[in-house]
Amino acid sequence: MKPAQITRMISPPLSWSEIPWGEYYRAALEQQLAPWWPKLFGYHLLKIGTLSSQLATEKCGISHQVSVGMKGDNLQVIADPCCLPFAAKSVDACLLAHTLSFSSDPHRILREVDRVLVDDGWLILTGFNPTSLIGLGKLVPKLRNRLPYSSRMFSMMRMQDWLQLLNYEVLYENRSQILPWNRCGGLFLGKHLPVLGCLSIIVARKRTVPLTPTALRERSLRASWRGTVGATKSFRKRSD
């Protein structure tokens with residue numbers, strides 16, 4: 001497996017239209033995320049990256065939405081996603097639409113997002129699927145240096161592993177847009193072969209307690225339970 005951090009810099013596109021069939025990708029992402037926006041509540045939504053700022057989020061339950069990125073037209077804050085100028089635990093939800101795909105250090109971005117997210121905050125990740133037609137384009141010498149084939153592509157399992165290490169609970173994961181040049185993305189193929197979708201979507205929440213209890217925690221819970229049972233039995237004997 002290739003390391004997540006690389007030395008070369010990747011220039012992200014300034015709009016979806018710079019990516020071949022990018023408007024189809026944008027429409028597919030908006031359709032996939034539409035049922036989730038009304039479920040988000042809080043005070044602040046952070047849209048990290050230029051591509052994130054161009055997704056329609058009007059139906060989101062969070063009214064105050066701030067777009068952050070290095071450069072672009074729809075940004076309110078100019079900043080490096082690896083060093084967000086926000087206080088810890090001050091943001092209720094973060095949207096990273098293909099932000100990791102054009103990052104040289106995706107781990108650092110995720111750690112920074114985890115820092116600013118409140119407990120039980122929402123994290124939405126999207127990216128390109130390596131096991132798709134776009135992934136095959138990386139094998140073609142004349143295409144691998146062009147968008148979107150020049151972007152980084154992480155498998156769904158790998159991104160879920162990153163989120164699990166940060167103690168996030170994945171609520172929704174899906175792949176869509178099997179045919180990039182099709183406005184509908186190949187709906188028939190999408191129902192039977194979703195693993196080949198060009199777009200990967202993950203919706204997760206930040207949890208404050210371990211999703212799987214550790215051995216030390218289990219022993220402490222057992223000891224506490226035994227102490228409670230013992231105290232109950234002694235109280236009953238005294239009452240009798």
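In the predicted model, seven strands form an open sheet in the order 3-2-1-4-5-7-6, and the pairing within this sheet is mixed. The edges are occupied by strand 3 (77–78) and strand 6 (168–176), each of which has a single partner strand, so that one side of each is left without a neighbour in the sheet. Strand 1 pairs with strand 2 in the parallel sense, and five bridges connect the two; H44 has H64 as its bridge partner in strand 2. Strand 2 (residues 64–69) also runs parallel to strand 3, to which it is joined by two bridges. Of the residues involved here, V68 has V77 of strand 3 as its bridge partner, while G69 is partnered by I78, likewise in strand 3.

Helices pack on this sheet. Helix 3 (residues 106–116) touches strand 1 (44–48), strand 4, strand 5, strand 6 and strand 7, and its direction makes about 150° with that of strand 5. Helix 1 lies across strand 4 (91–97), strand 5 (117–128), strand 6 and strand 7 (199–206), and runs at about 35° to strand 7.

Helix 1 can be described in further detail. With twelve residues, helix 1 reaches 17 Å from its first C-alpha to its last, which is close to the 16 Å expected at 1.5 Å a residue. Its buried residues are G22, Y25, A28, L29, Q32 and L33. Because these buried residues fall within an arc of 120° when seen down the axis of helix 1, they line one face of the helix. The partners against which the buried residues of helix 1 pack are strand 4, strand 5, helix 4 (133–137), strand 6 and strand 7.

The contact between helix 1 and the edge strand can be followed at a single residue. S176 belongs to strand 6, and it counts as buried because its relative accessible area is 10%, which falls under the 20% limit for that class. When residues up to four places away in sequence are not counted, S176 touches A28 and Q32, together with G197, C198, L199 and I201. Both A28 and Q32 are among the buried residues of helix 1.

The segment that precedes helix 1 (22–33) contains I6, which counts as partly exposed because its relative accessibility is 22%, a value that lies between the limits of 20% for buried and 50% for exposed residues. Setting aside residues up to four places away in sequence, I6 touches S104 and R152. A further relation across the chain links I6 with P106, since the two C-alpha atoms are 9.5 Å apart in space although the residues are 100 apart in sequence. P106 belongs to the residue range of helix 3 (residues 106–116).

The cysteines were examined for disulfides, and the count comes to zero. C82 is in no disulfide, as the nearest cysteine sulfur, that of C83, is 8.5 Å away, whereas a disulfide requires a pair of cysteine sulfur atoms within 2.5 Å. C82 is nevertheless buried, because its relative accessible area is 14%. C60 likewise counts as buried, because its relative accessibility is 9%.

Definitions and conventions:
Residues are numbered from 1 along each chain as its sequence is written. This is a predicted model: local features need pLDDT of at least 70, side-chain atom pairs count only at pLDDT 80 or more; totals for chains, interfaces and linings use all residues. Side-chain values use heavy atoms; hydrogens and water are left out. Helices (H or I, at least four residues) and strands (E, at least two) are DSSP runs, numbered from the N terminus. Buried means under 20% relative accessible area, exposed over 50%, partly exposed in between (1.4 Å probe, protein chains only). Contact means heavy atoms within 4.5 Å. Two strands pair if DSSP finds at least two bridges between them. Axes are lines fitted to C-alpha atoms, for helices over the stretch in contact, and angles run from 0 to 180 degrees between N-to-C directions. The expected span of a helix is 1.5 Å times one less than its number of residues. The arc is that of the directions from the helix axis to the C-beta atoms.
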